[in-house]
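Reader: Hey, could you walk me through this one? I'm new to it.

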Amino acid sequence: MLGSFPPPRAKWKMDFYYPNLQNDMWRIFGVVFFADKDYFLNEDGKGFNEALLRTFLQEKGIAISDAARQVRRLQGNASDKFLEVVTARDIAALLAEMPQCATVMTTGEKATEVLWQRLPENTPKPTIGHPVHVCMGGRTVGFYRLPSSSRAYPKPLAEKAAAYACFFRQIGLLA
């Protein structure tokens with residue numbers, strides 16, 4: 001799972017991916033896997049339960065990384081619109097570290113664009129519901145694009161969760 005870079009540190013509620021309480025990623029996962037949007041919240045509801053998240057992801061075999069190694073926030077906010085990618089993630093090297101990985105999913109337009117620019121020339125850009133399959137490192141890898149989990153993305157939580165549930169069913173992580 002590749003996303004764009006995290007928001008400014010002042011917005012973080014944990015030292016892990018999607019740390020901003022205003023981001024819906026962990027609510028989406030809660031809805032999809034547990035039918036409970038608050039499943040990954042701390043007891044006080046003011047942050048996320050990082051240990052629970054890490055255990056869940058490990059058990060499901062879901063790895064997370066940023067689509068970029070280094071970025072510059074041009075306006076000091078969490079908007080990808082004002083995010084300059086200085087150094088992109090080397091997707092071929094990342095896949096070489098994970099020989100069992102057969103699927104890569106991006107979480108939004110910016111992460112998809114960054115990834116797509118690193119795929120072999122003439123590879124179509126994946127769109128929501130329409131993955132592309134590419135031969136990389138001697139194996140075929142499916143690249144999927146899912147909706148952004150940002151609340152700035154104008155889709156209701158239920159609609160985002162439905163797209164994620166469909167994806168997880170397609171790759172066999174959800175019955």
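Author: Sure, one term before we start: Ala, Val, Leu, Ile, Met, Phe, Trp, Tyr, Cys and Pro count as nonpolar, Asp, Glu, Lys and Arg as charged, and the others, Gly among them, as polar. This is a predicted model, where local features need pLDDT of at least 70, side-chain atom pairs count only at pLDDT 80 or more, and totals for chains, interfaces and linings use all residues. Residues are numbered from 1 along each chain as its sequence is written, and side-chain values use heavy atoms, leaving out hydrogens and water.

Reader: Ok, which classes of residue make up the lining of the largest cavity?

Author: That lining has 5 nonpolar, no polar and 2 charged residues. A lining residue has an atom within 4 Å of a point on a 1 Å grid over the protein atoms alone, and a cavity is a set of such points where a 1.4 Å probe fits but cannot get out.

Reader: And which residues line the largest cavity?

Author: Leu2, Ala67, Arg89, Ile91, Val114, Leu115 and Arg118.

Reader: Switching topic: is Thr107 buried or exposed?

Author: Thr107 counts as buried because its relative accessibility is 7%; buried means under 20% relative accessible area, exposed over 50%, partly exposed in between, with a 1.4 Å probe and protein chains only.

Reader: What does Thr107 touch?

Author: Leaving out residues up to four places away in sequence, its contacts include Met1, Tyr18, Pro147 and Tyr164, where contact means heavy atoms within 4.5 Å.

Reader: And where is Thr107 found?

Author: In strand E5, residues 103–107; strands (E, at least two residues) are DSSP runs, numbered from the N terminus.

Notes
On a 1 Å grid over the protein atoms alone, a cavity is a set of points where a 1.4 Å probe fits but cannot get out, and a pocket is an open set with protein on both sides within 12 Å along at least five of seven lines; lining residues have an atom within 4 Å of a point. Helices (H or I, at least four residues) and strands (E, at least two) are DSSP runs, numbered from the N terminus.
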